[in-house]
Amino acid sequence: MITISETAQTHFAKLLSDQAEGTSIRVFVVNPGTAQAECGVSYCPADAVEDTDLRFNFNGFDAIVDEESAPFLDEAEIDFVTDKMGSQLTLKAPNAKAKKLKDDASLEERVEHMLVTDVNPQLANHGGQVSLVEITDEGIAVLQFGGGCNGCSMIDVTLKEGIEKEMVAKFEEITGVRDITEHARGDHSYY
């Protein structure tokens with residue numbers, strides 16, 4: 001699940017040698033599966049390990065992962081890099097913002113994954129996001145926009161020239177998209 005380089009293992013073992021006996025490291029994701037997901041590493045005293053936590057043995061220490069974070073840390077890599085600027089710990093978790101899709105994922109799961117991993121990071125630059133409401137029997141992906149997208153004057157271009165073109169090209173079952181956001185009502189970010 002998690003790969004920790006030899007240099008990072010040496011670094012953690014050294015740090016943990018100054019901690020109370022039985023202390024491990026905890027690797028976690030805050031807001032997993034969202035555009036705001038962030039990964040972290042912290043000390044994990046022995047009395048903070050839960051029955052549902054996963055334990056991974058490394059050279060001189062254990063890494064603890066909570067059950068909720070586990071699927072989002074699949075293929076995560078931790079390294080300790082030294083360069084001209086100094087040393088730093090790096091944590092790469094390509095699945096932190098969205099769970100890895102299973103081979104038999106439904107159309108809804110695949111479309112939602114595309115929105116979370118491809119579309120929402122772009123919309124987040126403007127404070128917006130989009131979510132899938134449903135896929136109709138006719139293959140129309142019904143979407144709901146929020147944040148900076150609500151009331152945006154460019155929403156039609158984003159919807160038709162961006163999201164729809166990408167979605168129709170990626171999923172043969174999708175014939176188009178429809179926005180059900182009430183852009184004329186409520187608080188708007190742009191006018």
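UniProt positions are given in the numbering used here, feature names are shortened, and annotations may be inferred rather than shown by experiment. Residues are numbered from 1 along each chain as its sequence is written. The model is predicted: local features need pLDDT of at least 70, side-chain atom pairs count only at pLDDT 80 or more, totals for chains, interfaces and linings use all residues, and side-chain values use heavy atoms, with hydrogens and water left out.

**Exercise 1. The annotated domain**

Task: State which residues UniProt assigns to the domain, and describe that span in the model.

Solution.
- Step 1. The unreviewed UniProt entry places "domain: NIF system FeS cluster assembly NifU C-terminal" at residues 111–177.
- Step 2. The span is 45% helix and 27% strand; helices (H or I, at least four residues) and strands (E, at least two) are DSSP runs, numbered from the N terminus.
- Step 3. The end C-alpha atoms of residues 111–177 are 11 Å apart.

**Exercise 2. The two annotated cysteines**

Task: Locate Cys149 and Cys152, and classify Cys149 and Cys152 as buried, partly exposed or exposed.

Solution.
- Step 1. The UniProt annotation "binding site", from an unreviewed entry, covers Cys149 and Cys152.
- Step 2. Cys149 is in the loop between S9 and H3, and Cys152 is in the loop between S9 and H3 as well.
- Step 3. The classes are buried (under 20% relative accessible area), exposed (over 50%) and partly exposed (in between), with a 1.4 Å probe and protein chains only.
- Step 4. Cys149 has 6% relative accessibility and therefore counts as buried; Cys152, at 21%, counts as partly exposed.
- Step 5. Contact means heavy atoms within 4.5 Å. Not counting residues up to four places away in sequence, Cys149 touches Leu123, Gly128, Gln129, Ile155 and His183.

**Exercise 3. Helix H3**

Task: Check the span of H3 against its number of residues, then find its bend and its packing partners.

Solution.
- Step 1. The expected span of a helix is 1.5 Å times one less than its number of residues. H3 covers residues 155–170, which is 16 residues, so it should span 22 Å.
- Step 2. The end C-alpha atoms of H3 are 21 Å apart, which agrees.
- Step 3. A bend at a residue is the angle between axes fitted to the seven residues ending there and the seven starting there. In H3 the bend is about 35 degrees, at Glu164.
- Step 4. Glu164 is also one of the buried residues of H3, together with Ile155, Leu159, Ile163 and Met167.
- Step 5. These buried residues pack against helix H2 (107–124) and strands S8 (128–135), S9 (140–147) and S10 (176–179).

**Exercise 4. Ala141 in strand S9**

Task: Describe the surroundings of Ala141.

Solution.
- Step 1. Ala141 belongs to strand S9 and counts as buried because its relative accessibility is 0%.
- Step 2. Leaving aside neighbours within four places in sequence, Ala141 contacts Leu132, Glu134, Ile135, Met167, Ile174, Gly176, Val177 and Arg178.
- Step 3. Ile174 is 33 residues from Ala141 along the chain, and their C-alpha atoms are separated by 6.8 Å.

**Exercise 5. Polar contacts of three side chains**

Task: List polar contacts of Glu112, Ser69 and Asp53.

Solution.
- Step 1. A polar contact is a pair of N or O atoms within 3.5 Å; within protein, one must be able to donate a hydrogen and the other to accept it, and residues adjacent in sequence count only if both atoms are side-chain atoms.
- Step 2. Glu112, in helix H2, is partly exposed at 27% relative accessibility. A polar atom of the Glu112 side chain lies 3.3 Å from the backbone nitrogen of Leu132.
- Step 3. Ser69 sits in the loop between strand S5 (61–65) and strand S6 (76–83) and is buried, with a relative accessible area of 1%. Its side chain reaches the backbone nitrogen of Val29 at 3.0 Å and the side chain of Asp66 at 2.8 Å.
- Step 4. Asp53 is in the loop between strand S3 (38–44) and strand S4 (54–58) and is buried at 13%. Its side chain pairs with the side chain of Arg26 at 2.7 Å, and a polar atom of the Asp53 side chain is 2.8 Å from the backbone nitrogen of Glu50.
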